[in-house]
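Ready for a few hands-on exercises? Have a go at each task, then read the worked solution underneath.

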Amino acid sequence: MISPEEQQAVAQDFAHRFNESWNAADGPAYGSVYWPDAELVDPTGTIWNGREAIERMHVELWRGPASGTQVQAHVRRVRPLADTLLVVDLDVSVSGFNPPPPGAAIGPDRTVQARLKHVVEKRRDAWGIVTSQNTFVAARPPR
């Protein structure tokens, strides 16, 4: 079974690569963490199939409302499913959206919070995302 130390190392690597590639608006680096046959469900519920589509969508996002945004992602939880399969949960804070995503809660410092759930798979000697779900923390309705 994959050791807890290796689980954490894999998860921390994904968080680091997510932060670095997003903050640099680097599409190829962002896409490199996904397997070519990966799937991403974005906060709108849209399904993006394949690394190229996921990368392309993010490049367009960085040209639009996410232009100049900065992200901080932290590992919330890692759960092994098998020796070659992990669930990696990231808590994400994004500043600089203009305009902010519809329905997302906006923090006092104008940040948007999100939860990313990645299922990562080891193929040969490398880990990659096989499927991912991104969910914005929703704004609470006024009382």
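**Exercise 1. Find the largest pocket of this predicted model and work out what its volume is and which elements line it.**

Solution. Start with the size: the largest pocket has a volume of about 440 Å³. Next, look at the walls. There are 24 lining residues, and those nearest the pocket's centre are Pro43, Leu61, Phe97, Asn134 and Phe136. Now trace the lining back to the elements: α1, β1 (34-41), α3 (51-63), β4, β5 and β6 each give two or more residues. The top contributor is α3, with three. Finally, sort the lining by class, and you get 20 nonpolar residues, three polar and one charged.

**Exercise 2. Phe97 and Phe136 both turned up near the pocket's centre; work out how their rings are arranged and whether each residue is buried or partly exposed.**

Solution. Take the two residues one at a time. Phe97 has 12% relative accessibility; buried means under 20%, so Phe97 counts as buried. Phe136 comes out at 24%, so this residue counts as partly exposed.

Then there's the ring pair. The ring centres of Phe97 and Phe136 are 6.4 Å apart, and their planes meet at 90°. Planes over 60 degrees apart count as edge-to-face, so that's the label for this pair.

Last step: place the partners along the chain. Phe97 sits in the loop between β4 (85-95) and β5 (111-123), while Phe136 belongs to strand β6 (residues 126-136), so the pair ties together parts that are 39 residues apart in sequence.

**Exercise 3. Count the aromatic pairs, then describe the one formed by Phe18 and Tyr30.**

Solution. The count first: the structure holds seven aromatic pairs. In the pair of Phe18 and Tyr30, the rings are 5.9 Å centre to centre with 55° between the planes, which makes the pair tilted. Phe18 is in helix α1 and Tyr30 in helix α2 (residues 27-31), so the pair links distant parts of the chain, twelve residues apart. Both residues are buried. Now widen the view: ring pairs join Phe18 and Tyr30 with Trp22, Tyr34 and Trp62 in a cluster.

**Exercise 4. Work out how many cavities of 30 Å³ or more there are, and which residues line the largest.**

Solution. You'll find one cavity of 30 Å³ or more. The largest cavity encloses about 50 Å³ of space. Go round its lining and you meet Phe14, Arg17, Phe18, Ser21, Tyr30, Val33, Tyr34, His118 and Ile129. Helix α1 (residues 4-23) gives the most, with four residues. Sorted by class, the lining has six nonpolar residues, two polar and one charged. Phe18, Tyr30 and Tyr34 should look familiar: these lining residues also belong to the ring cluster.

**Exercise 5. Work out the strand order of the sheet and which strands stand at its edges.**

Solution. Walk across the sheet: the order is β2-β1-β6-β5-β4-β3, six strands in an open sheet with mixed pairing. β2 (47-49) and β3 (70-82) each have a single partner strand, so one side of each is left without a neighbour, and these two are the edges. On average, neighbouring strands are turned by 15° against each other, direction ignored.

Now zoom in on one pairing. β3 and β4 run in the antiparallel sense, with eleven bridges between them. To check the register, look for Val71, which stands opposite Val94 in β4.

Conventions. Residues are numbered from 1 along each chain as its sequence is written. This is a predicted model: local features need pLDDT of at least 70, side-chain atom pairs count only at pLDDT 80 or more; totals for chains, interfaces and linings use all residues. Side-chain values use heavy atoms; hydrogens and water are left out. On a 1 Å grid over the protein atoms alone, a cavity is a set of points where a 1.4 Å probe fits but cannot get out, and a pocket is an open set with protein on both sides within 12 Å along at least five of seven lines; lining residues have an atom within 4 Å of a point. Grid points are joined across faces, edges and corners, and a volume is the space filled by probe spheres set on the points. Ala, Val, Leu, Ile, Met, Phe, Trp, Tyr, Cys and Pro count as nonpolar, Asp, Glu, Lys and Arg as charged, and the others, Gly among them, as polar. Rings of Phe, Tyr and Trp (its six-membered ring) pair if their centres lie within 6.5 Å; planes under 30 degrees apart count as stacked, over 60 as edge-to-face and the rest as tilted. Buried means under 20% relative accessible area, exposed over 50%, partly exposed in between (1.4 Å probe, protein chains only). Two strands pair if DSSP finds at least two bridges between them. Axes are lines fitted to C-alpha atoms, for helices over the stretch in contact, and angles run from 0 to 180 degrees between N-to-C directions.
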